[in-house]
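User: I am new to this structure and would like to learn how its features get their names. Could you walk me through it?

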Amino acid sequence: QRPAFRPLSSPGTVAAAFRREELPSGSAETGSEDRSPKKRFTEVQKERREQAQRTVLIHCPNKISEKKFLKYLSQHGPINNHFFYESFGLYAVVEFCQKESIHSLKNGTHTPSMVTEAAIPFRSRFFNLKLKNPSNQTSERPYIQSSNQLPPSSKKLFELLCNAESIDDQLNTLLKEFQLTEENTRLRYLTCSLIEDIAAAYFPDCTVRPFGSSVNTFGKLGCDLDMFLDLDEIGKLSTHKNIGNFLVEFQVKNVPSERIATQKILSVIGECLDHFGPSCVGVQKILNARCPLVRFSHQASGFQCDLTTNNRIALKSSELLYIYGALDSRVRALVFSVRCWARAHSLTTSIPGAWITNFSLTMMVIFFLQQRSPPILPTLDSLKTLADAEDKCIIEGNNCTFIRDLNKIKPSENTETLEILLKEFFEYFGNFTFNKNSINIRQGREQNKPDSSPLHIQNPFETSLNISKNVSQSQLQKFVDLARESAWILQEEDKDRPSPSSNQPWGLAALLLSSITNSKSLAKKKNKRPASERIRNLLDSIKSNSTENATTANGK
Ligand code: CTP
Ligand code: MG
């Protein structure tokens with residue numbers, strides 16, 4: 001018997017966001033069937049990058065007529081797409097049909113003359129639009145619709161969650177509200193492209209690529225923008241004119257190690273961003289980190305940016321997560337909810353420290369989904385087995401090979417609901433033997449921990465590294481306690497769900513309350529035994545119940 005066909009991907013992926021433009025609005029909602037072939041990560045990156053190169057960022061006066069604005073810019077060529085957003089002022093993102101339009105626009109633009117200060121005449125694709133005659137336009141004042149770049153407020157989120165029909169509906173709603181929008185994705189690629197123009201002042205052929213949650217389909221609105229300065233020439237060398245007995249190399253300066261080269265490059269780029277980069281503020285050079293970086297705020301887009309170089313493996317892990325995110329529509333819904341849950345309880349923060357990171361949480365969800373029966377996600381080793389010769393990829397001696405064509409991976413036959421998966425996720429990690437075992441998505445099974453760090457999650461490509469090495473025992477304990485409490489709340493609610501009219505937070509909404517212990521269902525059941533004992537007993541009873549159920553089911 002063949003299982004019913006399930007949707008292959010959730011449409012919020014970057015690839016789907018692309019297609020969404022051609023679809024009537026609303027037809028690409030989460031959970032809807034999507035049988036169209038899915039784009040490869042590299043294809044999406046290439047298309048987005050090319051789109052960003054035809055795009056400009058314009059700071060606009062608040063009172064502006066959209067029609068006149070577009071007419072004015074169209075002098076330089078046809079416009080393919082545009083949107084406005086607000087971030088300490090009104091901004092427009094304008095995508096021309098042709099790159100040449102940007103030259104034309106730049107040619108007609110001048111560097112402002114200052115009265116008390118002096119301008120550094122860096123001619124970028126970030127412009128300032130002024131009204132020649134402000135009083136002329138104010139009278140019309142048509143409403144400009146600006147696109148939202150922020151996640152929903154807690155109040156709005158709670159309302160939406162409380163009005164949802166089921167826990168599955170809640171998880172999908174949360175995903176829809178938090179995932180990066182088409183506009184936000186465009187703005188991220190545009191910001192990278194603008195930074196690339198600055199880096200190109202030193203390295204004319206460089207590429208600045210977004211990686212991490214901006215592109216791996218797990219980014220929440222408001223997440224940072226990780227950028228990778230790619231100076232590698234591979235793929236750019238033309239082979240013709242290379243015939244003959246000679247080989248030409250560039251004369252270069254040598255330094256003692258790759259790390260020092262990275263530090264030197266980032267150091268000058270950091271200076272350049274600080275001195276010449278329009279809108280780049282708060283530039284910090286963090287060159288002694290394991291992975292040296294330049295951190296800054298891009299004020300106009302509102303993104304906190306981390307620029308690294310020589311970090312090709314991280315780009316590869318973004319590609320892997322992109323694949324996992326696109327394989328099954330439940331993956332992103334579950335990851336988003338777990339990320340929001342962790343944030344709501346301060347398990348994650350925006351400051352680096354002994355906390356669990358979103359990247360680690362995503363790995364935990366993937367690992368958990370590999371453990372289901374039948375598995376919802378394949379192991380990395382099986383993705384490697386499926387790889388073709390053209391997928392082969394070795395980076396710094398690490399084998400990073402896996403199949404890149406999503407359409408060649410068989411969808412899972414598992415039909416568990418998100419509600420079950422969320423509950424089981426909390427139960428699984430509430431009882432995981434963290435003191436002995438390591439999480440490993442390559443093999444998809446628990447391994448003995450190679451060292452004594454409290455939480456060990458193997459880096460999928462640099463297998464000797466632990467991606468959660470920073471996590472302290474007390475932070476891990478906090479995660480475990482919260483996971484147990486959450487499993488318990490969901491279990492209890494199952495028996496005794498508040499009626500929709502009671503206006504009480506239920507399901508996911510109850511789990512996201514900043515203090516779980518305040519939640520109604522828990523308060524009601526509170527007795528004098530210590531919480532840990534109560535929870536242990538409950539979990540034991542849940543466990544024995546589920547074992548019983550499983551035995552009964554299997555016995556049929
Ligand atoms: N990374 C890694 N090992 C780590 C931390 C990060 O390989 N210990 C890589 C991952 O590819 C990750 C990327 O660096 O996706 C960016 O790291 P970070 O910004 O911390 O995580 P994101 O996945 O971008 O999540 P967030 O939304 O929290 O920024
Ligand atoms: Mg990030």
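Analyst: Happily! Let us start at ligand 1: of the 13 residues around it, Ser213, Asp224, Asp226, Ser317 and Asn358 come nearest. A residue counts as near a molecule or strand if one of its heavy atoms lies within 4 Å of it. Please keep in mind that this is a predicted model, where local features need pLDDT of at least 70, side-chain atom pairs count only at pLDDT 80 or more, and totals for chains, interfaces and linings use all residues. Residues are numbered from 1 along each chain as its sequence is written, chains are lettered from A and ligands numbered from 1 in the order in which they are written, and side-chain values use heavy atoms, with hydrogens and water left out.

User: What makes Asp224 and Asp226 protein donors of the magnesium ion (ligand 2)?

Analyst: Donors are N, O and S atoms within 2.8 Å of the metal (3.2 Å for Na, K and Ca); water is not among the atoms, so sites may look incomplete. The OD atoms of Asp224 and Asp226 lie 2.1 Å from the magnesium ion, which meets that limit.

User: Why is aspartate 226 called buried?

Analyst: Buried means under 20% relative accessible area, exposed over 50%, and partly exposed in between (1.4 Å probe, protein chains only). Aspartate 226 has 12% relative accessibility, so it counts as buried. Aspartate 224, at 27%, is partly exposed.

User: How do you know that serine 213 makes a polar contact with ligand 1?

Analyst: A polar contact is a pair of N or O atoms within 3.5 Å; within protein, one must be able to donate a hydrogen and the other to accept it, and residues adjacent in sequence count only if both atoms are side-chain atoms. A polar side-chain atom of serine 213 lies 2.7 Å from an oxygen atom of ligand 1. For aspartate 224 the distance to an oxygen atom of ligand 1 is 2.8 Å.

User: Why is the aromatic pair of phenylalanine 368 and phenylalanine 425 called edge-to-face?

Analyst: Rings of Phe, Tyr and Trp (its six-membered ring) pair if their centres lie within 6.5 Å; planes under 30 degrees apart count as stacked, over 60 as edge-to-face and the rest as tilted. Phenylalanine 368 and phenylalanine 425 are 5.6 Å apart centre to centre, with 90 degrees between the planes, so the pair is edge-to-face. Phenylalanine 368 is buried, at 0% relative accessible area.

User: What makes the pair of phenylalanine 429 and phenylalanine 434 stacked?

Analyst: Their ring centres are 6.2 Å apart and their planes are at 25 degrees, so this pair is stacked.
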